[in-house]
Structures are given as structure tokens and as C-alpha cells.
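Visitor: I should like to learn how to read the features of a structural model. May we take them one at a time?

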Amino acid sequence: MKEYYPAPLIKMPRWLETIVQFVLFLIMVVVFHKLGLRGLNHEVNNIDYIVSFVLFTLYKLLGTFTAVDLVQIDYSSKQISFEYWFLYFIKKRTLIKFEDLDFKCRNDIILFGGSYGLYIYNNKKLRIKLNRMNGWKDQQIDSLTEDLLSIKQPSQPLRKRKTIYD
């Protein structure tokens, strides 16, 4: 059995990490308003907080909807296990058999920069996405991809990870 873990800067539960990030996002909204950088000439009200929450949630979910904490490849039972946080608040575990597995690598373009990601499919349905946004290093994704390639070839050719030198 082979295991992979993310390497976040600060280790804390995903739900708590999301709440802390949202509070920091709200503090930025208030500071921008106080500095006059917001462009609106009214006081911050409840609608502004709701809009901020929606924007923050969209930002988080555009990066990924599954914050993966553990990947286990079990060669003896021919399945891969994923422990992840669905929408950052619901802890789940899913198993994918080798014969139902498919995957691809992509360089995503998101609002605040690109991200290299590994997409995991179960019976042609997207189940898991690993990327930098949730503490996975490019080298970890590359290593996991190599292990997946030893199990099965993807249905689409893999794209090489783009670096600043490409």
C-alpha cells in the first residue's frame, strides 16, 4: 500500500481553514472600503457581506470542490482510497477500483493564477481533483501520476506540467 498526504503550510482541519480564510477575506473587504478602494460611496452593510461570501465561495470552489487529505493505493485489493472534504465542510471517503479508474492532468487557469491539477474519474464521472490550492506540491502530483500510470493508462494523453521555464 502506498500513501500520499498533502503538505499545507499550516495544518488544520479544512473547515477551520476555510472559515479563517473567509474571515481574512472579510477583513480585506472592510479595509478596502475604509481606504476608499472599493469604488462605492456607502457604508458596508449585510448585502456586502453576502456578496463577499458568495465571491469567496466561488473562488474556493473554482479551484476544487474536494480538498484531499489522503490518497491510498492498495495494490493487493486493486483499489484507490481518497479521504477528502467535500465543499470543505463534509468529510468523505471514496474507493475507486482500478478497472473503473481514469485520470488526467491539467494546467488550470483560475482567477488568481494557474494551478496544476490531477483529475480522478470513477466510471467517467469526476470524483476527485488534487491541486496546489489545497496543499499538494507539483512533485507529489507527478509522483502520484507515475503510480497511476503503472496501474492504468489514461483515456486521454497526459499533459506535461508547465513551469515558468517552459
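Guide: We may begin with Lys129, which is placed in strand β7, residues 125-131. The model is a predicted one.

Visitor: How should one read a residue in a strand, and is Lys129 buried or exposed?

Guide: As a general idea, the side chains of a regular strand alternate between the two faces of the sheet. In this case, Lys129 has a relative accessible area of 6%. Buried means under 20%, so Lys129 counts as buried.

Visitor: With which side chain does the side chain of Lys129 make a polar contact?

Guide: The partner is the side chain of Tyr119, at 3.3 Å.

Visitor: Let us turn to strand pairing. How many bridges join β3 to β4?

Guide: There are eight bridges between β3 (residues 79-86) and β4 (residues 90-97), and the two strands run antiparallel. One bridge pairs Phe86 with Ile90 in β4. Together β3 and β4 form a hairpin, with three residues between them. Within the turn, Leu87 has a positive phi of about 55°.

Visitor: How does one read a helix, and which residues of α1 are buried?

Guide: An α-helix has 3.6 residues a turn, so residues three or four places apart point the same way. In α1, the buried residues are Arg14, Glu17, Thr18, Phe22, Leu26, Val29 and His33. As for its length, α1 has 21 residues and extends 30 Å from its first C-alpha to its last, close to the 30 Å expected at 1.5 Å a residue.

Visitor: What is the volume of the largest pocket, and which residues are closest to its centre?

Guide: Its volume is about 430 Å³. The lining comprises 19 residues, of which Pro8, Leu9, Glu17, Gln21 and Met133 are the closest to the centre. Two elements, α1 (14-34) and α2 (46-63), each give two or more residues to this lining. The largest contribution comes from α1, with five residues.

Visitor: How do the residues of that lining divide by character?

Guide: Eleven are nonpolar, three are polar and five are charged.

Visitor: Finally, where does Ala7 lie, and how far apart are the C-alpha atoms of Ala7 and Lys137?

Guide: Ala7 belongs to the loop between β1 (2-4) and α1. Its relative accessibility is 30%; since partly exposed covers the range between under 20% and over 50%, Ala7 is classed as partly exposed. Although Ala7 and Lys137 are 130 residues apart along the chain, their C-alpha atoms are separated by 7.0 Å.

Terms used. Residues numbered from 1 in each chain as written. Predicted model: local features only at pLDDT ≥ 70, side-chain atom pairs only at ≥ 80, totals over all residues. Heavy atoms only, no water. 1 Å grid on protein atoms, 1.4 Å probe; cavity = no way out; pocket = protein on both sides within 12 Å on 5 of 7 lines; lining within 4 Å. Points joined across faces, edges and corners; volume = space filled by probe spheres on them. Helix = DSSP H or I, 4+ residues; strand = E, 2+ residues; numbered from the N terminus. Nonpolar A, V, L, I, M, F, W, Y, C, P; charged D, E, K, R; others polar. Expected span 1.5 Å × (residues − 1). Buried < 20%, exposed > 50% of the residue type's maximum accessible area, 1.4 Å probe, protein only. Polar contact = N/O pair within 3.5 Å; in protein donor to acceptor, adjacent residues only side chain to side chain. Pairing = 2+ DSSP bridges.
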